[in-house]
Amino acid sequence: QEKEIDFLSREITDYLVKINQLELPVADASRIGGLFHVVNDIERIGDHAENIADAAVDLQEENLEFTRKGNKELSEMHAKVIQIVEEALRMFATMDTSYQAEILTLENEIDTMERELQRSHIRRMAKGKCTPQAGVIFTDLITGLERVGDHATNIAFSILQNDPAEDEE
């Protein structure tokens, strides 16, 4: 499906370029600018999904496994990322900012979880409970999941006039 996502991304971007060349009210032109970013974020989520699928294939082909705890951690992080993507798409589609606080909370939880899972994973490797080969894949997976959370947050907040990071400065 990555090829389909890439195709749609190009087609939508081309269409947005054409729309952007029209004389539009400032609010509409600003919205079009935000949509360029959303298309890019969705395309990047597709890239990360492809990387995750490739990692699953690598695990199977190389007959590698994560520890029970590693699998549990990965499942918990995956669930949070699915939740933030669903909430972000809902916020974007409905233009309903009531999801804003939940999305920021999830984003912070995912960021914290990535750091904690990296530390936990290093401890498992130091104790010999996880192979270096599986460890590289585990690290790539949690890093990719964290980035999906970032892209989801970008999509959600694209409906706002200001970037939430700017408000914190």
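Let me start with Asp 54, which counts as partly exposed at 40% relative accessibility, and which has its place in helix 2. This is a predicted model, so please take every value I mention as computed from that prediction. Asp 54 belongs to a negative surface patch, and the other residues that form this patch are Glu 50, Asp 58, Glu 61 and Glu 62.

From there, let me step back to the chain as a whole. How many helices and how many strands does the secondary structure come to? There are 6 helices and 0 strands, and if you read along the sequence you meet the pattern α-α-α-α-α-α. The C-alpha atoms fill a box of roughly 65 × 35 × 25 Å, when the box is taken along the principal axes. Of the 169 residues in the chain, 38% are buried. Among the contacts with a separation of 6 or more, 75% are between residues that stand 24 or more positions apart. As for the surface, the chain exposes about 10500 Å², and 51% of that area is supplied by carbon and sulfur atoms.

Charge is the next topic. The chain carries 17 positive and 35 negative side chains, and the centres of these two sets lie 10 Å apart. Besides the negative patch that I began with, there is a positive surface patch, formed by Lys 69, Arg 115, Arg 119, Arg 123, Lys 127 and Lys 129. Which helix gives the most to the positive patch? That is helix 4, which covers residues 100–126 and contributes 3 residues. Arg 123 is a residue of helix 4, and it counts as partly exposed because its relative accessibility is 47%.

Staying with helix 4, I would like you to look at Gln 118, which also lies in that helix. Is Gln 118 buried or exposed? Gln 118 is buried, because its relative accessible area is 17%, and the cut-off for buried is under 20%. If we leave aside the neighbours within four places in sequence, Gln 118 is in contact with Thr 139, Ile 142 and Thr 143.

There is also a nonpolar patch on the surface, of about 260 Å², and it is made by Phe 7, Leu 8 and Ile 12. Phe 7 lies in helix 1, which runs over residues 2–20, and with a relative accessible area of 42% Phe 7 is partly exposed.

Finally, let me turn to two loop residues and their backbone angles. Asn 63 sits in the loop between helix 2, residues 26–61, and helix 3, residues 68–94. Its phi is near 55°, which is a positive value in a residue other than glycine. As background, most residues other than glycine have a negative phi. Asn 63 is exposed, since its relative accessible area is 66%.

Where is Met 95 found? Met 95 is in the loop between helix 3 and helix 4, and although Met 95 is not a glycine, it has a positive phi of about 60°. With a relative accessible area of 43%, Met 95 is partly exposed.

To close, I suggest following the helices in order on the model: Phe 7 in helix 1, then Asp 54 in helix 2, then the loop with Met 95 between helix 3 and helix 4, and then Gln 118 in helix 4.

Conventions:
Residues numbered from 1 in each chain as written. Predicted model: local features only at pLDDT ≥ 70, side-chain atom pairs only at ≥ 80, totals over all residues. Heavy atoms only, no water. Patch = residues over 30% accessible without salt bridge, like charges linked within 9 Å, V, L, I, M, F, W, Y side chains within 5 Å. Areas by Shrake-Rupley, 256 points an atom, 1.4 Å probe, with all protein chains shown as cover. Salt bridge = Lys/Arg side-chain N within 4 Å of Asp/Glu carboxyl O. Lys, Arg positive; Asp, Glu negative; His and termini not counted. Charge placed at Lys NZ, Arg CZ, Asp CG, Glu CD. Helix = DSSP H or I, 4+ residues; strand = E, 2+ residues; numbered from the N terminus. Buried < 20%, exposed > 50% of the residue type's maximum accessible area, 1.4 Å probe, protein only. Contact = heavy atoms within 4.5 Å.
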